[in-house]
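Hi everyone, thanks for making time for this. I'd like to walk you through a structure that may be new to you, so let's put it on the screen.

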Amino acid sequence: MYKISEELVALGLKRIEGFSVEGFVRGSGPLEPAVMLVGEAPGENELETGIPFTGRAGKELMESLASVGLSREDVYITSAVRSRPYKWGVKKKRNGETVERKYNRAPTKKEIIAHAPILDAEIKDIRPPLIVTLGNVGLQRLIGPQAKVTELHGVLLETPVLTWDEEAGMFKETEENYHIFPTFHPASVFYNPPVRYLKEDDWRKLGEILKMKR
Ligand code: URA
């Protein structure tokens, strides 16, 4: 199992102080994974279990992994941000009463920068043979805001990735290239059901790529 250091966890917690986020969920997986999966940020479920992708999106992701002969134990699962970004909202109960509760939300650019050193370290240490980005947040964190999952999904890219340069205060490209395979976030099929067909097609292509790599 690969584990980021306590120092990096402490640094991540310090850098994200003051933002509307809570908790910290480490990335999880073996030292030599078949692929690294890069999502957005943990949600409410993940905070409870302490394990990435354990909610509804996680179940969807496990089905995709199974479709290419992989399970959670074979892959390293991480994301752009490791704390849960939340916003307050009002939930109406069946009896008409309203209660305030926290809802998951996408991480902001500043939150992504706050946790950039963590993902940078994971990629540098693990040197995954293939990085599968799940949704726009993971994709843009690694190759820049111009990248769009709707345009690049299902295409194997060979490209530098972005790492955070604290001194320069900006993201810079690595010298080495990585293999990146962008696809949709597993939760995208819940709010856009037709995406399921595109997503399943991507995973079929990914299965072919993995077969060639083995
Ligand atoms: N979405 C993510 O990006 N990561 C999780 O762990 C859960 C949902």
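I'll go through the main sheet, then a hairpin, then some aromatic side chains, and finish with one long-range contact.

Before we start, please keep in mind that this is a predicted model. UniProt, in an unreviewed entry, lists residues 26-204 as "domain: Uracil-DNA glycosylase-like". Over that stretch the chain is 34% helix and 25% strand, and the C-alpha atoms at its two ends are 28 Å apart.

Let's begin with the sheet. Five strands make up an open sheet with mixed pairing, and their order is S3-S2-S6-S10-S7. Which strands stand at the edges? They are S3, residues 76-79, and S7, residues 157-159. Each has a single partner strand, so one side of each is left without a neighbour in the sheet. From one strand to the next, the twist averages 30°.

Let's look at one of those edges. S7 runs antiparallel to S10, residues 178-183, and three bridges join the two. If you'd like a residue to click on, take Thr159, whose bridge partner in S10 is Tyr178. As a reminder, strands of a sheet pair through backbone hydrogen bonds, either parallel or antiparallel.

Now for a helix that meets this sheet. H6, residues 136-143, lies across S2 (36-39), S6 (131-134), S7 and S10. Relative to S6, helix H6 runs at about 130°.

Next, the hairpin. Strands S8, residues 162-165, and S9, residues 170-173, pair in the antiparallel sense over four bridges. Within that pairing, Thr163 has Lys172 as its bridge partner in S9. There are four residues between the strands of this hairpin, and Gly169 takes a positive phi near 70°. Strand S8 also has two faces: Leu162 and Trp164 are on the covered one, while Thr163 and Asp165 are on the uncovered one.

On to the aromatic side chains. How many aromatic pairs are there? The count comes to three, and I'll show you two of them. One is Tyr2 with Tyr76, an edge-to-face pair at 5.7 Å centre to centre, with 75° between the planes. Tyr2 lies in the segment before helix H1 (6-15) and Tyr76 in strand S3, so this pair ties together parts that are 74 residues apart in sequence. Are these two tyrosines buried or exposed? Tyr2 counts as buried at 9% relative accessibility, and Tyr76 is buried too, at 0%.

Another of the pairs is Tyr86 with Trp88, also edge-to-face, at 6.3 Å centre to centre and 80° between the planes. Here Tyr86 is buried, with a relative accessible area of 15%, whereas Trp88 counts as exposed at 53%.

Tyr86 has a charged visitor as well: the charged end of Lys102 sits over the Tyr86 ring, 4.5 Å from its centre. You can find a similar arrangement with Arg101, whose charged end sits over the ring of Tyr103, 4.4 Å from the ring centre.

One last stop. Ser67 lies in helix H3, residues 56-67, and Ser67 is exposed, with a relative accessible area of 53%. Where does Gly207 lie relative to Ser67? In sequence the two are 140 residues apart, and in space they are 7.9 Å apart, C-alpha to C-alpha.

That's the tour. Thanks for listening, and I'm happy to turn the model to any spot you'd like to see again.

Methods:
Residues are numbered from 1 along each chain as its sequence is written. Side-chain values use heavy atoms; hydrogens and water are left out. UniProt positions are given in the numbering used here, feature names are shortened, and annotations may be inferred rather than shown by experiment. Two strands pair if DSSP finds at least two bridges between them. Axes are lines fitted to C-alpha atoms, for helices over the stretch in contact, and angles run from 0 to 180 degrees between N-to-C directions. Contact means heavy atoms within 4.5 Å. Rings of Phe, Tyr and Trp (its six-membered ring) pair if their centres lie within 6.5 Å; planes under 30 degrees apart count as stacked, over 60 as edge-to-face and the rest as tilted. Buried means under 20% relative accessible area, exposed over 50%, partly exposed in between (1.4 Å probe, protein chains only). A charge sits over a ring if NZ of Lys or CZ of Arg is within 6 Å of the ring centre and within 35 degrees of the ring normal.
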